[in-house]
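Here is a set of short exchanges on how the labels for a fold are earned. Each answer sets a value against its cut-off.

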Amino acid sequence: MYRGVIYRLYPRSQRKHDMLSRLAGAYRFVWNEAIAHNQQQLEIARLLAQFPATADAVPAPSTTFFSMGKWFTSLRSGKTRSSRGGQETWLQELPFAIVRYSLKRQSGAWKKAFKGGGFPKYKSRLGNDSFTIPEKFRLSRKGGDPYLDRTGCKPVQVTVKRFLGKWYAVVTYAVPDVREDNGRSIGMDMDVGQVATREGAIYFMPDTSRLEARKRRYQRMMARRQKGSSRRARARHSCAKTQRGIAAVRADWQHRVSRGVTDIAGTVVVEALNVRGMTASARGTRDQPGKNVSAKAGLNREVLQTGWTSFRMQLEYKASRVVSVDPAYTSRTCHACGSVDKGNRKMRSEFECVHCGHQGNADVNAALSILASGIGASGRGEALGLSTSTIRQNVSDRLAA
């Protein structure tokens, strides 16, 4: 297994700070130049393929790391000109392996694009710069004490990032897999702004409405100010800082809940949610415009803010096993008798079975149905030793108990 730890970097001289900035800029430059070069080669091959005489003689351009590495060597030595027509011999002043490693990531991006995914995009200088150190490295603090010894594990890669003017190092360690299955299973229903478990606990996401309001205020300030001005740059910086606070609150909540759930049970059963499809826009087309577009956009924001995908990723590396089940009709299925009926859920939070009369919290009932579906249970209700008692409290209060 691999574990990433984030460290704050403090360049102790202007020379070191400038070197980090130059590496990040060169990393971005080579990435953009490689995209421009590959797109040009693809366009040439596409045009020549239209002529029968050259259709078989024109090979498809290679986007492998080896092929792009040879192109980078030629670009770095000045034999190949960049898209702007210059000789980029200044790249020789920077470490070869670090700058070239941007092509390693891009080769994977092109591979995914040819399989039906999106094509690699250009990196903006206004974004958060980063670069990866693939070789052996050593980070040490003043006095010679290494940063990396306290984990007791082998570091395999480090990625240096700049965010809001501050430098960070994300060190990836190879750690032993110590996850153990305690023989218990737990079902989890993920809803907007909350998650519910089969034991009757509902974990609510902390309120970030004040931070969201502040972010919207900064976004309005950016919209009113001229692009490229220093006043707009300050508003953009404040907006990014606020967004980082929202992301930190969400990540902390996800870590606390996932840690508490995986401490209870080794196997976690969740729904296989198609987040991309669920958060698709409802605008429709010009011929067939959508309905309730504004309401759907608000729901999409709430879903994305909860972060179901990142929450599941945390469950996958903390639990010994994560089982996915079909989310269809889990909110309408009675866990006591197994009946599926639309009338079982007349209200959002309350569940009442029209067949057996079972009553309880709708989200907890869904978690119980998800668990029964995931473990392939033939019995239900008390046969599984389950209950539908509802515990509504903040996650920080529950985990602190």
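Q: Which residues of α5 are called buried?
A: The buried residues of α5 are E212, K215, Y218, M221 and M222. The model is a predicted one. Buried here means a relative accessible area under 20%.

Q: What do the buried residues of α5 pack against?
A: They pack against α6 and against α8, residues 293-306. Packing rests on contact, meaning heavy atoms within 4.5 Å.

Q: How do you know what span to expect of helix α5, and what does the model give?
A: α5 covers residues 209-224, 16 residues in number. At 1.5 Å a residue, 22 Å is expected. From first C-alpha to last, α5 reaches 23 Å, close to that value.

Q: Why is the length of helix α6 said to agree with expectation?
A: α6 has 35 residues, 230-264, and at 1.5 Å a residue it should span 51 Å. Its end C-alpha atoms are 51 Å apart, so the two values agree.

Q: Which residues of α6 are buried?
A: The list is A235, C239, T242, I246, R250, W253, Q254, V257, S258, G260, V261 and T262.

Q: Why do residues three or four places apart in an α-helix point the same way?
A: An α-helix has 3.6 residues a turn, so that spacing brings residues round to the same side.

Q: Why is α1 called roughly perpendicular to α3?
A: The axes of α1 (residues 14-48) and α3 (residues 65-77) cross at roughly 110° and come within 11 Å. Angles of 65 to 115 degrees count as roughly perpendicular. The α1 and α3 pair therefore earns that label.

Q: What is the handedness of the crossing of α1 and α3, and which residues meet there?
A: α1 passes α3 in a right-handed crossing. From α1 come V30, E33, A34, H37 and N38. From α3 come M68, W71 and F72. By class, this contact has 5 nonpolar, 2 polar and 1 charged residues.

Q: Why does N38 count as buried?
A: N38 lies in helix α1. Its relative accessibility is 3%. The cut-off is under 20%, so N38 counts as buried.

Q: What is N38 in contact with, leaving aside neighbours within four places in sequence?
A: N38 is in contact with S62, T63, M68, Q106 and W110. Q106 and W110 are also among the buried residues of α4.

Q: What makes α3 oblique to α4?
A: Their axes are 9 Å apart and pack at an angle of about 140°. Roughly antiparallel needs an angle over 145 degrees, and roughly perpendicular runs from 65 to 115. The angle fits neither, so α3 is oblique to α4.

Q: Which residues make the contact of α3 with α4?
A: On α3 they are F65, M68, G69, W71, F72, T73 and R76. On α4 they are F96, V99, R100, L103, K104, Q106 and S107. They divide into 7 nonpolar, 4 polar and 3 charged. α3 passes α4 in a right-handed crossing.

Q: How do you know that the length of α4 agrees with its expected span?
A: α4 has 19 residues, 96-114, and should span 27 Å at 1.5 Å a residue. Its end C-alpha atoms are 28 Å apart, which agrees.

Q: What do the buried residues of α4 pack against, and what follows the helix?
A: They pack against α1, α3, β2 (130-133) and β3 (154-163). G116 follows α4, with a positive phi near 115°.

Q: Why is K154 called exposed?
A: K154 is in strand β3. Its relative accessible area is 60%. Exposed means over 50%, so the label holds for K154. Leaving aside neighbours within four places in sequence, K154 is in contact with T172, Y173 and A174. K154 and Y173 are 19 residues apart in sequence, with C-alpha atoms 5.5 Å apart.

Q: What makes N292 and Y329 exposed?
A: N292 has a relative accessible area of 63%. Y329 has 52%. Exposed means over 50%. N292 is in the loop between α7 (275-278) and α8. Its phi is positive, near 55°. Y329 is in the loop between β9 (321-325) and β10 (350-352). Phi of Y329 is positive too, near 65°.

Key:
Residues numbered from 1 in each chain as written. Predicted model: local features only at pLDDT ≥ 70, side-chain atom pairs only at ≥ 80, totals over all residues. Heavy atoms only, no water. Helix = DSSP H or I, 4+ residues; strand = E, 2+ residues; numbered from the N terminus. Expected span 1.5 Å × (residues − 1). Buried < 20%, exposed > 50% of the residue type's maximum accessible area, 1.4 Å probe, protein only. Axes fitted to C-alpha atoms, helices over the stretch in contact; angles between N-to-C directions. Parallel < 35°, antiparallel > 145°, perpendicular 65-115°, else oblique. Left-handed = near helix turned anticlockwise from the far one by under 90°. Nonpolar A, V, L, I, M, F, W, Y, C, P; charged D, E, K, R; others polar.
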